[in-house]
Amino acid sequence: MNLKKSVGIAILLGIAFLAIWEFYVRSQGYVSELDDNKALWAIQRAKVDKLSSDDVVLLGSSRVHYDIQLDEWEEETGVRPIMLASDGTTPTPIFKEIVEETDFKGTVVIGISPGLFFSQPGKGFMWDRPTKRLRHYYEQTYAQRANHYLSVPLEHNFAFLNASEEEWADDIDLKTLVNSISMGNRLPQGRPPFNNFGFVDGDRNVTMFEKVKTDTAFANTVIKVWGYGWERRPDPVLDPVVSYYKPLLAIFKERGGNVIFVRCPSSGGNREREHKKIPRTENWDAFLAQTGEKGYHFEDYDTLRHFTCPEESHLYSPDAKIFTKELVNILIADKQITNRKAH
């Protein structure tokens with residue numbers, strides 16, 4: 001067999017293997033989607049430098065990422081926000097960077113997920129992940145940018161490339177599969193599998209998988225992850241967070257910026273743990289009182305409090321669209337944001 005024929009057979013076998021693997025992972029419920037990685041985040045961060053005072057930037061953790069829908073916000077206001085929320089993190093380092101390294105003086109919406117937001121500034125994974133994303137934004141090479149743009153068409157079309165930056169996500173890309181091999185103490189002891197439950201588009205707008213709503217067993221796999229996280233979560237802190245935010249808020253407001261704090265819904269066991277371990281009066285209420293800022297808590301509004309999170313922490317996308325519209329209407333009525341469509 002000559003070399004040319006051997007190469008041809010190898011290529012055909014490779015294509016056949018990939019086709020079989022793609023068929024298999026799709027049969028397991030995976031879909032082709034973009035990797036919500038630091039490269040995709042950096043593209044959105046770059047837009048902040050060109051925004052006007054009428055624009056809006058969304059910060060927070062995954063609740064903002066899932067619960068605030070960009071199309072609905074734009075539909076209601078005529079402004080499409082920039083989504084810089086980062087799953088499993090505190091928004092604090094990103095807000096600090098916007099205040100200190102940009103001239104942006106529009107509106108910043110900051111989602112407060114109590115277990116992540118009220119954490120010691122500068123410490124832990126809640127701080128490390130957004131810091132890494134900021135570092136990538138400033139230090140990314142042309143090769144890294146090119147690699148991202150070349151990977152996007154492939155990620156849009158092949159489910160077997162499904163991946164996440166979450167260290168113990170239950171994805172099926174090669175890197176995750178290799179890392180999931182149990183060797184020594186590499187994997188967290190007793191951790192449940194972290195199934196991906198939403199997909200992101202180019203603007204980082206998230207849509208929750210329908211099966212989270214319709215498949216209780218699947219939703220319970222995600223709920224178990226939240227329980228695992230609560231067992232290892234450090235005690236909340238208030239004073240260090242207040243001290244960190246006060247000077248940043250003062251600088252931002254002095255140059256004409258506006259900050260809105262939002263508490264998105266949670267439910268079930270997750271909400272019960274928050275009530276018990278991070279009481280609202282001692283954290284959310286106290287933070288707003290000590291900083292002098294205004295906040296919007298879902299429990300305070302009839303139009304926001306009736307939602308149920310299928311995995312106890314994030315809204316199913318049809319509900320998230322309604323939540324976004326209702327929140328926007330409240331903010332417009334309070335003159336916190338402007339409806340540019342009305343002018």
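How exposed is Lys96, going by its relative accessibility? At 27% relative accessibility Lys96 is partly exposed, and it turns up in the second view below.

This is a predicted model, so to speak: local features need pLDDT of at least 70, side-chain atom pairs count only at pLDDT 80 or more, and totals for chains, interfaces and linings use all residues. Residues are numbered from 1 along each chain as its sequence is written, and side-chain values use heavy atoms, with hydrogens and water left out.

**View 1. Strand β1 sits between two parallel partners in the pairing list.** Four bridges join β1 (56–59) to β3 (107–111), and these strands run parallel. β1 and β2 (82–83) also pair in the parallel sense, over two bridges. Strands here are DSSP E runs of at least two residues, helices are H or I runs of at least four, and both are numbered from the N terminus; two strands pair if DSSP finds at least two bridges between them. Leu58 stands opposite Val109 in β3, and its bridge partner in β2 is Met83. Val56 and Leu58 point one way from β1, Val57 and Leu59 the other way, and all are buried (buried is under 20% relative accessible area, exposed over 50%, partly exposed in between, with a 1.4 Å probe and protein chains only).

**View 2. Glu100 and Lys96 form a salt bridge in α5.** The closest N and O atoms of this pair are 2.8 Å apart. A salt bridge here is a side-chain nitrogen of Lys or Arg within 4 Å of a carboxyl oxygen of Asp or Glu. Glu100 and Lys96 are four residues apart in helix α5 (residues 92–101), which means about one helical turn separates them. Glu100 is partly exposed too, at 41% relative accessibility.

**View 3. Salt bridges that share partners make a network.** Asp285 bridges to Arg280, with the closest N and O atoms 3.1 Å apart. Asp285 is partly exposed at 29% relative accessible area, and Arg280 is partly exposed at 23%. Shared partners join Arg63, Arg263, Arg271, Glu274, Arg280, Asp285, Glu299 and Asp300 into one network. Within helix α13 (residues 268–277), Arg271 and Glu274 are three residues apart, about one helical turn. Their closest N and O atoms are 3.2 Å apart, and both residues are buried. A search of the whole structure finds 20 salt bridges.

**View 4. Helix α4 has its buried residues on the same side.** In α4 (residues 70–77), the buried residues are Leu70, Glu72, Trp73 and Thr77. They cover an arc of only 165 degrees around the axis, so they lie on the same side of α4 (the arc is that of the directions from the helix axis to the C-beta atoms). What covers them includes β1, β2, β3 and α15 (317–333). After α4 comes Gly78, with a positive phi near 85 degrees.

**View 5. Phe261 belongs to the residues with the most contacts inside the largest nonpolar core.** This core has 35 residues, and Phe95 and Phe287 join Phe261 in that top group. A nonpolar core is a set of buried Ala, Val, Leu, Ile, Met, Phe, Trp, Tyr and Cys residues joined through side-chain atoms within 4.5 Å. Among the elements giving two or more residues to the core are α2 (38–47), α7 (125–139) and β6 (258–263), while α12 gives the largest share, six residues. Leaving aside neighbours within four places in sequence, Phe261 is in contact (heavy atoms within 4.5 Å) with residues including Ile110, Phe117, Leu249, Trp284 and Tyr296. A second, separate core of 26 residues includes Val79, Cys264, Phe307 and Leu331.
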